Amino acid sequence: MTILDKIIEQKKSELPGLLAQAPSFPAVTKVRPSLYETLMTSNTLQVISEMKRASPSKGDIATHIDPVEQATNYETAGAACISVLTEQAFFKGSFNDLNAVAQAVTIPVLCKDFFIHEVQIDYAKAAGASVILLIVAALTDEQLQALYTYAVNLDLEVLVEVHDIEELQRAVNIGAKIIGVNNRNLKTFDVSLTKTREIAQHLSSSKIAFISESGIWNRDDAEYVANAGAKGVLVGESLMRSGDVQAALQALQIELSTKVGE
Ligand SMILES: O=P(O)(O)OC[C@@H](O)[C@@H](O)c1c[nH]c2ccccc12
């Protein structure tokens, strides 16, 4: 069993609880900018900054950090979007974290979870998300299409996560506009930024906003993935561990127009 299999089992066990009652969170009525538009129109590498307390591969990362304070720092530093991990059993997140962050910032908010059922999308929406993540490796084609359509009909944007060329094709087939490659192998936890280059070479449409996810620690890493074709990066651990969150984030905002090789 891979870690992804284990997490999906856990998610399945939580569905009856979610289905038993309607989501109830303090209302969030903000209209946020579109993440897709931000990615497609900006000349700098856009940073999706993550609130991440812990993970299965690293254990505790930063359990003491206040999500609202962290998100506010991210927004002030010019983040394009705040990603909030809401998965509880492995990442120590919650929908309450998401709701608190959604109240506090005006930029797009990504609900980072393992979606296998529509009810989870209802919770994400009610808690204030404007973007959700769908992981191709966790879903059948039918589930992927159904959840994608369900989210879009709720006015949510969708970041579709892939790990290889075959998954990229499945993402393209459902019409995904924002596609992220996870540089972390979910079976071995190995991280390699070359994944970004490999997937980027197979992107056929310039209308896709392409994101590089995981394992980005510094400006060199950001430059590498920007040169490979990424319009944005999804960064968790390095920002959570940084003593100067704003400086660490700003170091990643590479000018895309000065990219080597373009
Ligand atoms: O902490 P990192 O290496 O910067 O990674 C952030 C993000 O990419 C990672 O948390 C992530 C990418 N895809 C996911 C899917 C589920 C949970 C977490 C993730």
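Here are some short questions and replies about this predicted model.

Me: Why are helices H3 and H4 called oblique to each other?
Reply: Their axes make an angle of about 40 degrees. Under 35 degrees would count as roughly parallel, and 65 to 115 as roughly perpendicular. The angle fits neither range, so H3 and H4 are oblique.

Me: What else describes how helix H3 and helix H4 pack?
Reply: Their axes lie 9 Å apart. H3, residues 67–76, passes H4, residues 95–104, in a right-handed crossing.

Me: Which residues make the contact?
Reply: H3 gives Pro67, Val68, Ala71 and Thr72. H4 gives Asp97, Ala100, Val101 and Ala104. They divide into six nonpolar, one polar and one charged.

Me: What makes a residue part of the shell around the ligand?
Reply: Its C-beta atom, placed from the backbone, must lie within 6 Å of the ligand. Here 15 residues surround the ligand. The closest are Glu213, Ser214, Leu234, Gly236 and Glu237.

Me: Which elements each supply at least two residues of that shell?
Reply: Strand S10 (232–235) and helix H10 (237–241) do. The shell has four nonpolar, five polar and six charged residues.

Me: Where does the domain name come from, and what does it cover?
Reply: An unreviewed UniProt entry annotates residues 4–252 as "domain: Indole-3-glycerol phosphate synthase". That span is 42% helix and 18% strand. Its end C-alpha atoms lie 29 Å apart.

Definitions and conventions. Residues are numbered from 1 along each chain as its sequence is written. This is a predicted model: local features need pLDDT of at least 70, side-chain atom pairs count only at pLDDT 80 or more; totals for chains, interfaces and linings use all residues. Helices (H or I, at least four residues) and strands (E, at least two) are DSSP runs, numbered from the N terminus. Ala, Val, Leu, Ile, Met, Phe, Trp, Tyr, Cys and Pro count as nonpolar, Asp, Glu, Lys and Arg as charged, and the others, Gly among them, as polar. UniProt positions are given in the numbering used here, feature names are shortened, and annotations may be inferred rather than shown by experiment. Axes are lines fitted to C-alpha atoms, for helices over the stretch in contact, and angles run from 0 to 180 degrees between N-to-C directions. Angles under 35 degrees count as roughly parallel, over 145 as roughly antiparallel, 65 to 115 as roughly perpendicular and the rest as oblique. A crossing is left-handed if the near helix is turned anticlockwise from the far one by less than a right angle, and right-handed if clockwise. Two residues are in contact if their C-beta atoms, placed from the backbone, lie within 7 Å.
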